[in-house]
Amino acid sequence: MKYEELLNRLGNHTFFDLATVVQLANERRETVQVQLYRWCKSGKLIPLRRTMYALPEPYISQPINPAELANHLYHPSYLSTHWALGYYGLIPERVASHTSIPSRVTRSFENAFGMFHYQHIKAPAFFGYHPVQLDGRKVLIAEPEKALLDLWYFEKGKWTEERMSEMRFQNRELVDSARLREYAQWFESPRIVAAART
């Protein structure tokens, strides 16, 4: 497959995986892998993680949205903890690295679009996210209550009032206290239930 053919067949897809190209090219997987490697070397493709790639800016209609990319690099997953809290304005700073919750094992990736961390959570606690429009793209993000609970779950230790104040939480009116306590039950953790009541 020639590069121009790849561009035509991908249409509006700005990032894609090896399996997609194999299907589009109707060629052997090994042959396609070699070609993709060469295009990465020449700057015609941007490697995102093993067997996943993006088109560079001259060949896409709009820039890649790292938040949308976070959902696709390792899916199913949704953005949460510090990144989501920054998005909602629940903490004063915006967070550059993208932390997501997958239903799979913990992983991390670094590419031209940033750092992407994926922290595994047990199945009963994989919920509480919804799609939002971010720069015209659909992105799965934890609800404010779930972003808080995910943070408390992954950050070890007891969440005392003093520790909560150190986090400088703000815009607390965005958090539904009843929903926070209800969601906390799904973690099956006395520590998380206690944090939700603090």
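Which residues in α8 meet which residues in α9? The legends below start there, and the model behind these views is a predicted one.

**View A. Helices α8 and α9, side by side in opposite directions.** On the α8 side, the residues in contact are L180, R181, A184 and Q185, and they meet I192, V193, A196 and R197 of α9. Sorted by character, the residues of this contact come out as five nonpolar, one polar and two charged. Helix α8 covers residues 177-185 and helix α9 covers residues 190-197; their axes come within 9 Å and cross at roughly 175°. The cut-off for roughly antiparallel is over 145 degrees, so α8 counts as roughly antiparallel to α9. As for the spacing of the contacts, an α-helix has 3.6 residues a turn, so residues three or four places apart point the same way.

**View B. Helix α6, buried from end to end.** Zoom in on residues 144-154 and you're looking at helix α6, where 11 of the 11 residues are buried, so the helix is largely enclosed by the rest of the structure. The charged residues aren't spared: E145, K146 and D150 are among the buried ones. So are the aromatic ones W152, Y153 and F154, along with P144, A147, L148, L149 and L151. K146 also has a ring for company, lying over the face of F127 at 5.1 Å from the ring centre.

**View C. Y3 and W39, an edge-to-face pair.** Searching the whole structure turns up 16 aromatic pairs. In this one, the ring centres of Y3 and W39 are 5.3 Å apart, with 70° between the planes. The pair links distant parts of the chain: Y3 belongs to helix α1 (residues 3-10) and W39 to helix α3 (residues 29-41), 36 residues apart. Buried here means under 20% relative accessible area, so Y3 qualifies at 3%, and W39 does so at 7%.

**View D. The wider surroundings of Y3.** Pull back a little from the pair and Y59 comes in: Y3, W39 and Y59 form one aromatic cluster. Y3 has a charged partner too, as the charged end of K44 sits over the Y3 ring, 5.2 Å from its centre.

**View E. F109 and Y118, another edge-to-face pair.** Here the rings are 5.8 Å apart, centre to centre, and the angle between the planes is 70°. Buried or exposed, then, for F109 and Y118? Both F109 and Y118 are buried.

Methods: Residues are numbered from 1 along each chain as its sequence is written. This is a predicted model: local features need pLDDT of at least 70, side-chain atom pairs count only at pLDDT 80 or more; totals for chains, interfaces and linings use all residues. Side-chain values use heavy atoms; hydrogens and water are left out. Buried means under 20% relative accessible area, exposed over 50%, partly exposed in between (1.4 Å probe, protein chains only). Helices (H or I, at least four residues) and strands (E, at least two) are DSSP runs, numbered from the N terminus. Axes are lines fitted to C-alpha atoms, for helices over the stretch in contact, and angles run from 0 to 180 degrees between N-to-C directions. Angles under 35 degrees count as roughly parallel, over 145 as roughly antiparallel, 65 to 115 as roughly perpendicular and the rest as oblique. Contact means heavy atoms within 4.5 Å. Ala, Val, Leu, Ile, Met, Phe, Trp, Tyr, Cys and Pro count as nonpolar, Asp, Glu, Lys and Arg as charged, and the others, Gly among them, as polar. Rings of Phe, Tyr and Trp (its six-membered ring) pair if their centres lie within 6.5 Å; planes under 30 degrees apart count as stacked, over 60 as edge-to-face and the rest as tilted. A charge sits over a ring if NZ of Lys or CZ of Arg is within 6 Å of the ring centre and within 35 degrees of the ring normal.
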